[in-house]
Amino acid sequence: MSSHGYGLWMLARRSLRQHAFSTAITAASLALACGLVMAVLGIRTQSQNAFLLEGSPFDAVLGVRSSATQLVLNSVFHLETSPGNLPWKSYEEIRGAPGVRAAIPYAVGDNWRGFRIVGTTADQFDDAKLKGRAPQVEPGGRVFDEELREAVLGSFVAQKTGVRVGETIHPSHGPMTGGDEHDEDYVVVGVLEATNTPADRVVWIPIEGMFRMEGHVLRGDGEEYHAEHHEEIPEEKKEVSAVMLAFDSPQAGLMLDQRINRDGKDATLAWPVSRVVLELFDKIGWMSRVLELVAYATVLVAAASILASLYDAMAQRRRELAILRAIGATRTELFASVVLQASAIAAGGALLGCGVYFAILFVVRAVIRAQTGVVLDPFEIDAAVALTPLGVIALGALCGVLPAWKAYSVEVAEDLAPTT
């Protein structure tokens, strides 16, 4: 470092040390503001990317005539309540439709310790049908036998409950905790490898087991039917909450969209799933924008505190600045030293702001994972997040210009004149 640069830094450091308390408070407020902006930007971008589920094996969801958003939330994200059931014949028809590579039925309505139970078929875990995107069972476990009372736990379910392969679980009635416990017990035969998707929060059982669960009523043909033990259930009595679909090509989705959504009246095809999710984000996007405005306002207030504290300091130090001028300090050096002070405060705040960002992201990550199964990565930093600290430092330097000009305008003769 040159003697000129060293002198500027010494001037700036001395001033920061003299006003250590106010400097610390200003840097802390700026850190909170910087961390909030980074968190809002990061959460918005990551949550949107994560909820699009680009690695999902399914292209569409077939369900009873209802809102496509509700259908996706219930069947893909395992949130909300089921909008209703489709007769089994709807599943059979869609399974045989041209261009449908995989059609997997879902039946819901029960939970275990608050985690949703989904009745389905072994095709849910068939990697060949789902082109390498099917959830896989951890070593030491296996997929359930469709004719037995067996269950496969999502990785998050197993982690939170501590239940392992070989133990038994007792489902409860209703999608949430608080329902009556069923008499049937299910043996856990496998735990899924983590997918960082909503599938991690689900207990998977054979759909036949869901049909036969005590207290369940089937209305596939419009009339109530109670399944009896050791008796085959007529297919016309069966029903499904939704059918998850994978297509060979987008053309299959277009044809089914025309047939089911535009020409039909009994069912809804949520296709493509990513579009439905984007529409949902558009509807709630105003909340993200409000949070952004609040975060930006916090940054401006914190930056203004830099300006106010330095401006006040310059007013109190006019005599000291005049002495520095008298012993050889130039106007430019005083101006630069004040801007350097402002930049140093902003840089400290930006550095601490990164810590605030990671703290917020880790908390939000845990909440989102617990509620949806989707996992955010705090270390996945996009350009907007990465540039925020640099923007804060630049804003801090800008806020130092006015106090710096006050230091620049010090008149030696006037400010060193004895007071009367």
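User: In the protein chain, where is confidence lowest and where is it highest?
Analyst: Confidence here is pLDDT, the predictor's score for each residue, from 0 to 100. This is a predicted model, in which local features need pLDDT of at least 70, side-chain atom pairs count only at pLDDT 80 or more, and totals for chains, interfaces and linings use all residues. The lowest mean, 53, falls in helix α13 (residues 412–416), and the highest, 98, in strand β5 (residues 150–153). Helices (H or I, at least four residues) and strands (E, at least two) are DSSP runs, numbered from the N terminus. The protein chain averages 86.

User: How is empty space found, and what volume does the largest pocket have?
Analyst: Rolling a probe the size of a water molecule over the atoms shows where empty space is left. On a 1 Å grid over the protein atoms alone, a pocket is an open set of points where a 1.4 Å probe fits, with protein on both sides within 12 Å along at least five of seven lines; lining residues have an atom within 4 Å of a point. Grid points are joined across faces, edges and corners, and a volume is the space filled by probe spheres set on the points. The largest pocket holds about 820 Å³.

User: Which element gives the largest share of its lining?
Analyst: Helix α8 does, with 14 residues. Of the 30 lining residues, those nearest the centre include Ile-43 and Phe-281.

User: Which element gives the most to the lining of the second largest pocket?
Analyst: Helix α6 supplies 5 residues there. That pocket has a volume of about 510 Å³.

Key: Residues are numbered from 1 along each chain as its sequence is written. Side-chain values use heavy atoms; hydrogens and water are left out.
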